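Here is a quick briefing to read with the model open beside you. It goes through a few backbone spots and then the ligand site.

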Amino acid sequence: MINVTKTSLPDLNEYIEEIRPLWDTYWITNMGEKHDEFKRKLKAYLNIDQIELFVNGHMALEMALQSMNLSGEVITTPFTFASTTHAIVRNGLTPVFCDIYSDTYTIDADKIEALITDKTCAIVPVHVYGHICNVEKIEEIARKYGLKVIYDAAHTFGEEYKGMNVASFGDASVLSFHATKVFHSIEGGAVCFKDSKLEHVLYNLKNFGIRGPEEVESVGANAKMNEFCAAMGICNLRYIDDEINKRAEIVKLYRKRLEKVDGIICSPIQKDVKPNYAYFPILVEKDAYGMDRNDLYNMFLKNGICPRKYFYPLINEYDCYKDRYDPDATPVAKDISNKVLTLPLYASLDMDTVNRICDIIALKQDG
Ligand SMILES: *Cc1c(COP(=O)(O)O)cnc(C)c1O
């Protein structure tokens with residue numbers, strides 16, 4: 001079975017060498033040497049000043065929101081992974097869903113202002129699939145209304161927009177280093193932030209509010225990154241450029257073969273963006289293609305290929321949210337969600353398999 005993604009692992013011996021010092025020090029978690037080294041190396045790679053590491057991307061997002069003392073409504077997108085909305089709700093905040101652009105599938109910044117009320121406190125946009133949000137317009141709105149902006153940047157590791165690392169946008173940007181992402185530390189995440197006061201607050205939130213052996217300063221939870229994860233992150237960071245280059249070659253072949261298939265729409269190449277090729281979504285237009293997304297998905301399964309319907313269902317269609325929201329209020333997101341299929345994409349995916357995947361899509365059209 002060819003899955004939508006496959007984790008990249010460093011050479012086993014390289015990882016063993018990276019974790020060997022842990023057997024000397026017996027320091028395997030709680031902000032040890034590997035944690036601090038990983039943090040330093042990420043700052044250098046991402047070219048950012050302030051970053052705090054977390055056990056995973058979700059807790060990083062929850063705590064980024066919590067660190068800003070928000071209350072009321074948060075404008076966000078329904079076209080994302082469950083984590084984005086859950087993080088808002090688990091902070092006692094109310095998500096307000098804004099529709100998305102039909103080309104990049106990111107939050108439609110031209111529809112945000114109409115959703116702002118006197119209760120609105122923040123905007124949580126998502127750089128979905130690595131497509132960069134309309135950061136200029138979002139910034140302008142946030143400034144005009146005094147709103148915080150927290151980007152879910154789980155898909156955008158290493159990306160740049162107009163020469164700036166994407167993690168530098170907003171009041172905070174949240175990264176995920178989950179095993180399924182372009183760059184991973186087994187499990188892991190980070191908050192990149194602007195206000196230097198947040199460093200102390202975020203540290204307290206992830207470490208029980210403990211500042212010293214006899215000092216507990218605030219109410220916190222446990223969301224620390226351990227040394228084994230940090231060591232995996234350090235190893236993988238050595239190969240991230242190679243990882244992205246391999247993905248670029250695969251995407252090039254996908255585009256070359258699929259852009260000419262009637263009814264198959266590849267997402268646009270964004271101007272001024274240095275991409276990371278995290279995902280390769282296609283839209284299946286039933287009228288032009290001759291079968292719908294679900295039919296194509298089932299045909300893939302029969303051929304031993306498992307793409308994913310990312311993001312279907314929409315968040316406002318989930319069992320836990322559907323009573324409170326109407327998916328027809330975000331018609332573009334609903335439409336894309338019913339047409340999208342994310343094709344297999346990972347560094348070790350061989351070109352023969354990519355061609356076979358494209359054959360399955362193209363052959364159907366021939367009959
Ligand atoms: C993966 C992901 C997250 C959560 O990250 P974890 O590290 O898995 O907790 C959040 N948002 C989006 C859009 C994601 O894809």
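Let's start with Asn 30, which you'll find in the loop between α1 (12-25) and α2 (33-46). Keep in mind as you look around that this is a predicted model. From that loop we move to other backbone oddities, and then to the ligand and the residues around it.

**The loop between α1 and α2**

- Asn 30 has a phi near 65°, a positive value in a residue other than glycine.
- Is Asn 30 buried or exposed, or something in between? Its relative accessibility is 38%, so Asn 30 counts as partly exposed.
- Thr 29 is in the loop between α1 and α2 too.
- With 31% relative accessibility, Thr 29 also falls in the partly exposed class, because that class covers whatever is neither under 20% nor over 50%.
- Thr 29 has a partner from far along the chain: Glu 227 is 198 residues away in sequence, yet the two C-alpha atoms are 5.1 Å apart in space.

**A second positive phi**

- Phe 208 is not a glycine either, and its phi is positive, at about 60°.
- To find Phe 208, go to the loop between α6 (198-206) and β11 (210-212).
- Phe 208 has a relative accessibility of 37%, so this residue counts as partly exposed.
- Why flag values like these? Most residues other than glycine have a negative phi, and most peptide bonds are trans.

**Cis peptide bonds**

- The peptide bond running from Tyr 310 to Phe 311 is cis, and its omega is near 0°.
- Phe 311 belongs to the loop between β16 (305-306) and α11 (331-339).
- Tyr 312 and Pro 313 are joined by a cis peptide bond as well, with omega about -5°.
- Pro 313 is likewise placed in the loop between β16 and α11.

**The ligand and its surroundings**

- Where does the ligand sit? You'll find the ligand in the largest pocket.
- Its shell is made up of 14 residues, and the closest are Gly 57, Asp 152, His 155, Ser 176 and Lys 181.
- By type, the shell splits into 10 polar residues, two nonpolar and two charged.
- Two helices to highlight in your viewer are α3 (57-66) and α4 (82-89), since each supplies at least two residues of that shell.

**Polar partners of the ligand**

- Gly 57 takes part through its backbone: one of its backbone N or O atoms is 2.8 Å from a ligand oxygen atom.
- His 155 uses its side chain instead, with an N or O atom there 2.8 Å from an oxygen atom of the ligand.
- The side chain of Lys 181 has an N or O atom 3.1 Å from a ligand oxygen atom.
- How much of the ligand's accessible area does the protein cover? On its own the ligand has 380 Å² of accessible area, and the protein covers 91% of that.

**A side-chain pair involving α4**

- Ser 83 is part of helix α4.
- Relative accessibility for Ser 83 comes to 12%, so Ser 83 counts as buried, because anything under 20% goes in that class.
- The side chain of Ser 83 makes a polar contact of 2.8 Å with the side chain of His 58.

Key: Residues numbered from 1 in each chain as written. Predicted model: local features only at pLDDT ≥ 70, side-chain atom pairs only at ≥ 80, totals over all residues. Heavy atoms only, no water. Near = heavy atom within 4 Å. Polar contact = N/O pair within 3.5 Å; in protein donor to acceptor, adjacent residues only side chain to side chain. Areas by Shrake-Rupley, 256 points an atom, 1.4 Å probe, with all protein chains shown as cover. 1 Å grid on protein atoms, 1.4 Å probe; cavity = no way out; pocket = protein on both sides within 12 Å on 5 of 7 lines; lining within 4 Å. Sits in = over half its atoms within 2 Å of the grid points. Helix = DSSP H or I, 4+ residues; strand = E, 2+ residues; numbered from the N terminus. Nonpolar A, V, L, I, M, F, W, Y, C, P; charged D, E, K, R; others polar. Buried < 20%, exposed > 50% of the residue type's maximum accessible area, 1.4 Å probe, protein only.
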